[in-house]
Structures are given as C-alpha cells and as structure tokens.
Amino acid sequence: MIRQPSRHCTVELQAVPARIGHVRRIISAQLRYWRLDALIEPAALGVTELLANVHRHARPSKQCTVELSVLLDQLTVAVHDEDPRLPRIRAADNWETCGRGLALIAALSENWGMRPEGGGKVVWFTLPALTPAPEEARALRTYWEPLPQDDARTATEARTRAGGATVG
C-alpha cells in the first residue's frame, strides 16, 4: 500500500565548488517542502560527497544531474554524470585528505550503488523516508478534525502542565 504519492525533483548543474552549496540549499528546501526535515543533513552530506567526486574525477565535463525521488517510504538521491568510469570504494589512510566519500555514503545510507547509464554513470543512495512522529501528526491535523478521546485527554493534560498555554 502506498502511503504517499511518489515525489521527484531534478537539478542539473556543473559540479564546481561554488554550485555545490546551491544544490545543498535546494535539496534542503525540497526536503522541508516534502516534510522530510530529518533527512536534510544525511541527504545534503551524501550529495556533497557525490558532487565532490564528480568535480574531482568526472571527464570530459563536470556536467551532472542530481535527482531526488521519494517512493513508498524511501528517499533515493542519485547523481548522474557523463564519465563512464565507475567509482570504487577504497580504504584511505589516516593521513589522506580524500578517498573516504563512498565509505561515508555506505555508512550513512540504507543502501547505495552505481550503474552505467547513457554513456555515463549514476551513483545513488537511499535513506528511509520517516513518517511523522505522533506529536507531529497531531500538529498537522486541521481544526475541524476531532481528536480521538485519548489524544484529547493528552492534549488537555499537556496544556495544564504547561500552565494553560496553547499552541496554534
């Protein structure tokens, strides 16, 4: 059963350092719009690593596409570039300043991978698209939706503990 309709966002860019910050802000705004705030940090970190790899390694150009998609309860972040060479995960020594990007992607994601596509490649990772916590779900209800009896009692108790203050 699909709980939410699928959602999709694509950003095309040249992977240069000045653009990476812009893409992070776009991704953050899109995830906030989709109410997936908890995924902003891991998604932004992961896409930063993938774009840094495009900047450092992709040839002939640094042109790429970042794609966010939510289907069922999963966010997929994918970066497509025009370089057909597939990246490889490696063990970086402690003194090295690079070489940990794919290991970081593997550590922060549920799943990740790569595949050749259209003369280039796609590197992707997934994160669980968390459903709202019960408190958030209650806050999202509109005023005309009646609260179940237990929720009404809990809300009244919370207002009493907070000195009668109400939010909204």
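What follows is a short dialogue on reading the fold of this predicted model.

Q: Let's start with the outline. How many helices and strands does the chain have, and what pattern do they follow along the sequence?

A: There are five helices and five strands. Going along the sequence, you read β-α-α-β-β-α-β-β-α-α. As for contacts, take those with a separation of 6 or more: 61% of them join residues 24 or more positions apart.

Q: Now the sheet. In what order do the strands sit?

A: The order is β1-β2-β3-β5-β4, an open sheet of five strands with antiparallel pairing. β1 and β4 (111–117) are at the edges with a single partner strand each, so one side of each has no neighbour in the sheet. From one strand to the next, the twist averages 15°.

Q: Which residues can I use to check the register between paired strands?

A: Work through the pairs. β1 and β2 run antiparallel and are joined by eight bridges, and cysteine 9 stands opposite leucine 68 in β2. Eight bridges also join β2 to β3, again antiparallel; there, valine 70 stands opposite leucine 75 in β3. β4 and β5 are antiparallel with seven bridges, and arginine 115 faces valine 122 in β5.

Q: What packs on the sheet, and at what angle?

A: α1 packs on the sheet and touches β1, β2 and β3, with its direction at about 170° to that of β1. α3 packs on the sheet too, touching β4 and β5, and its direction makes about 35° with that of β5.

Q: What lies between β2 and β3?

A: They form a hairpin with two residues between them. Have a look at leucine 72 in the turn, which has a positive phi of about 60°.

Q: How do I read the two faces of a strand, say β2?

A: List which residues are covered and which are not. In β2, Cys64, Val66, Leu68 and Val70 make up the covered face, while Gln63, Thr65, Glu67, Ser69 and Leu71 make up the uncovered one. Pick valine 66 and look beyond its neighbours within four places in sequence: its contacts include Cys9 and Val11, Ile27, Leu51 and Val79.

Q: And for a helix, why would buried residues end up on one side?

A: An α-helix has 3.6 residues a turn, so residues three or four places apart point the same way. Now the case here: Gly101, Leu102 and Ile105 are the buried residues of α3. They cover an arc of only 95° around the axis, which puts them on the same side of α3. Their cover includes α2, β4 and β5.

Q: Which residues should I click on to find the core?

A: The largest nonpolar core has 31 residues, and the members touching the most others are Ile27, Leu31, Trp34, Leu51, Val66, Leu75 and Val79. Among the elements giving two or more residues are α1 (17–33), α2 (40–57), β2 (63–71) and β3 (74–81). The largest share, six residues, comes from α2.

Q: Is leucine 31 buried or exposed?

A: Anything under 20% relative accessible area is called buried. Leucine 31 is at 0%, so it counts as buried. This residue is in helix α1, and beyond its neighbours within four places in sequence it contacts Leu36, Asp37, Leu39, Ile40, Ala43 and Leu75.

Q: What about the chain overall?

A: Buried residues are 30% of the 168 in the chain. The chain exposes about 10,800 Å², with carbon and sulfur atoms supplying 54% of it.

Definitions and conventions. Residues are numbered from 1 along each chain as its sequence is written. This is a predicted model: local features need pLDDT of at least 70, side-chain atom pairs count only at pLDDT 80 or more; totals for chains, interfaces and linings use all residues. Side-chain values use heavy atoms; hydrogens and water are left out. A nonpolar core is a set of buried Ala, Val, Leu, Ile, Met, Phe, Trp, Tyr and Cys residues joined through side-chain atoms within 4.5 Å. Buried means under 20% relative accessible area, exposed over 50%, partly exposed in between (1.4 Å probe, protein chains only). Helices (H or I, at least four residues) and strands (E, at least two) are DSSP runs, numbered from the N terminus. Contact means heavy atoms within 4.5 Å. Two strands pair if DSSP finds at least two bridges between them. Axes are lines fitted to C-alpha atoms, for helices over the stretch in contact, and angles run from 0 to 180 degrees between N-to-C directions. Accessible areas come from the Shrake-Rupley method with a 1.4 Å probe; for residues, only the protein chains shown count as cover. The arc is that of the directions from the helix axis to the C-beta atoms.
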